[in-house]
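Student: Could you take me through one part of this structure in some detail? I would like to see how its helices meet, and then how that part fits into the contact with the other chain.

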Amino acid sequence: MTVAVDSMRADLAALVGMSQVQSDVAACAAWAVDGRVPDCAIFPATAKQVAAVLHYASEHHLALIPRGAGTKISIGNPPARYDMALCLGELKRVVHYEPADLTISVEPGMTFAEFQSLVGQKGLWLPLDPRGGAKATMGGIIAASAAGALRQGFGGPRDMVLGLKIATTGGKIAKTGGRVVKNVAGYDLGKLLTGSFGTLGVIVEACLKLFPKPPERATFRMRAGTLGIARDLRRRILRSPHDALRLVLLDARAVALLEDSTQAPERPDAELWIELGGSHRVIERCMLDLRQLASAVGATIVRRDDAERAWERVSNLTVWLQPQFRDVTVLKATLPIAASEEFLSRAQQEAEAERITLASFAQVGIGIIHLCALQEALAANLAGWAARLRQAAAGLGGTLVIEHCPLELKRGLDIWGPGGDDLAIMRKMKAAWDPTNVLSPGRYVGGI
Amino acid sequence: MKSSALAKELVRIVGEDGVLWRQEDLMLYEYDALSSMRQPDAVVFPHTTAHVVEIAKLALRHNHPLIARGAGTGLSGGSVATEGGIVLGFSRMKKILEIDLENQRARVQPGVVNLDLSLAVADDGYYYAPDPSSQKACTIGGNVAENSGGPHTLAYGVTTNHVLALELVLPDGEVIHTGASHWDRPGYDLSGVFVGSEGTLGIVTEATVRLSRKPEAVKTLLAIYNQVVGATRTVAAITARGITPAALEMMDGFCLRAVEDAVHAGYPKDCAAVLLIEVEGLREAVEEHADEIEAVCQENLAREVRRAKSAEERDLLWKGRKGAFGALGRITPNFYVQDGVIPRTRLPEMLDFIASLEKKYELHIGNIFHAGDGNLHPLILYDERNREQTSRVFKAAREIITRCVEMGGSITGEHGVGLEKSDLMPLIFSEVDLELMGRIKNLFNPQGRLNPGKLLPTGKMCGELRGGLLGGGTA
């Protein structure tokens, strides 16, 4: 059953309060997704209200897209339908916090900056550097399974979520997991919701595992003349006793961008950046070992102490690059670690063939590679490039997702790529959670 | 269908030597490390995924329950046949299919023994991180089903953090592949749902797992206390210093004496508790952390802190810890192991409470557990021939679990819900939560033929601990 916009507004106002519903066209334009503007935006203040809104939407077949700060909203196919924006920014309480147990439960709208600043007072952190950075919300980080370069050292959100409360389209609030660091009671639905991009339910509370911050961190830049040298270095580093916190291989253009250099790079050398953590003594030891590793393959090495801003950029490419390159396209390839450099080489060749200006940011220690096409290119060229790289990734045993791109490109390509033989189960999963298909419809894998 | 008729059909799939159906053979499969139940109708040993598919289809045609079984070391009754049916034994699917060190992964069949995988890559400096105490016997398939932990999961995470991809057979015989050998395959994290689903959603026929690089240095400390509370306070104090040891185990004096008599690991028999603490990593970091930990132990009134001087000394200390349950078997006819979890800061309070239960129920309760993550394993000693005493054991165990829940903890940290605790699930999950889990189960296992009676409440004995109480096993 569908309803007229006016009555929908009135019904929603009854659920969450008049002031929590926004419906004028100009205001709603701010919540557009892939060019589609919703009829209204709702700002629930409690988890129960979220559940009530979901239930209402489900009953009336009204499509909604949950969102935090919107920093990752471009990840997804254009919505099949979109009636309401479900804005979760007002749910931002800390529900429980036990620093000594290294656990905390927060609501989804809390920003990453607020979160880190709170736990940072006790020397703790959540070792993630998600897209969206400080502005990203905790719910969005989990829903999008957003992890940046720190994933090398600490894993991703799936490894840090201890429990979730989830508002369902049935109007209920369900719990999975708990508040302790070790727990195998019941199905681990936290894993299912992490990275489900708001297609199954809405996270209204998350219990997370915290980590002590390393006493010191240091970044080293190693310049490798060729991708072959970079591969050699990567192998030696991963086999060494050092546990990198972050490890990224940058092409010369990526380095220039990170350094705010306006000049074309002198030499087309790739750089491998590595961050390590520990006491002063430990870092000194790391430096000695890395020097040896680098000289063994003929790479130069320098220590860089003010790398934090550069690292934030590496993990937040879309937001960082957009002001400079309005039409930036960001591809994310995920590969077996050993295939990283070969894929990078293919990406460069293909970019040259399509006259695409490429900057690559490759987490070569975990096989996650971001490719940025910087300048406005013909949509057809971009589409061909992305399609061939998707094929190349598949040939190397990996996948490729288009994380950000101009809308016309999205209309012609599935941003996720093909599903596997578990797609039927994923569809069943979606139908079990969202039988009337109202949560972010059409945006996810396989048209879910 | 009679066992013999069923056996004939199974023989057609896997051959004469791959099926057990005689009463005397089936008796060996009526129990696991928790308890004894009715016998399965047949036990079958597939060699390939195709065999598992055929067996699943056969079970579907005749409406038989299907129960996957690794080594039967599970402590929650996860592999016992509650309603008869076909037990799938994976002891003939134990090949390591691929070791790929550059990509830090291995692809294995479900019957591969946990420790064998680590040994296979040890010479190259790698290992498989999750290390349940039963790792000499338990299988990767069983670990995946139970999301097994172990002492070293404190720093490295449990099974789910080390599984990249799975091949599964669903109860209708369909084969699906979840995850990938790389990170972030687009789509729902179905591997994450399957790990820990206790054989109720699908049957694992292949797993791709992460391999970890061995640390450069390891230091093992034994902190000895005259009072239990010093040991429990030390646990939270170490965390507060920002140190995450690779392992942080506690053993009380009672267990320690039993272990020492059996293993001769050099544990001091006259103390109230010890902490077994291990730090790993770069040499310099390990030295610093070991010094800091030693200082924390002393601040919390440790009588003595010893450091293992050699790999042999270290192995001996761990042999004592991992063999503790076996050692207790020497001094009691039966014991019941609990597996509750509490926030680690509540350990002192919890151990006082357990001590009070010993008095209240006139029982001996030993404590040996993963202190670092608040995962308790109280061991309640009893003699199953004494039915009155056995009922006191249940009551005490129930009180411990209830207190764990009151403290914000969980009813199981690593042993699983299984048969034992399915009816305790309502202590921590609401009807809404359980209904949702039921819906997930129905997607995969609509007729409930896969491992019936496990994980979700049966509704028959709400709020009760179950199990035939055959103590033993390892944790």
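Tutor: In this predicted model, helix H8(B) and helix H13 of chain B, residues 347-361, have axes that come within 8 Å and cross at roughly 150 degrees. On the H8(B) side, the residues that meet the partner helix are Val228(B), Val229(B), Thr232(B), Arg233(B) and Val235(B), and H13(B) answers with Leu347(B), Pro348(B) and Leu351(B). Sorted by class, this contact of H8(B) with H13(B) comes to six nonpolar residues, one polar and one charged.

Now follow H8(B) outwards to the other chain. The contact between the chains takes 67 residues from chain B and 62 residues from chain A. Helix H8 (228-240) is one of the elements that give two or more residues to the side of chain B that touches chain A, and others include strand S9 (175-179) and helix H10 (283-299). The most comes from H16(B), with seven residues. By class, that side of chain B has 26 nonpolar, 28 polar and 13 charged residues.

H16(B) is worth a look too. Residues 431-444 of chain B form this helix, and it packs with helix H16 of chain A, residues 423-433, at an angle of about 150 degrees, the axes being 10 Å apart. Their crossing is right-handed. H16(A) brings Ile425(A), Lys428(A), Met429(A) and Ala432(A) to the contact, while H16(B) brings Arg439(B), Ile440(B) and Leu443(B). Here the classes are five nonpolar, no polar and two charged residues.

How values were computed. Residues are numbered from 1 along each chain as its sequence is written. Chains are lettered from A and ligands numbered from 1 in the order in which they are written. This is a predicted model: local features need pLDDT of at least 70, side-chain atom pairs count only at pLDDT 80 or more; totals for chains, interfaces and linings use all residues. Axes are lines fitted to C-alpha atoms, for helices over the stretch in contact, and angles run from 0 to 180 degrees between N-to-C directions. Helices (H or I, at least four residues) and strands (E, at least two) are DSSP runs, numbered from the N terminus. A crossing is left-handed if the near helix is turned anticlockwise from the far one by less than a right angle, and right-handed if clockwise. Two residues are in contact if their C-beta atoms, placed from the backbone, lie within 7 Å. Ala, Val, Leu, Ile, Met, Phe, Trp, Tyr, Cys and Pro count as nonpolar, Asp, Glu, Lys and Arg as charged, and the others, Gly among them, as polar.
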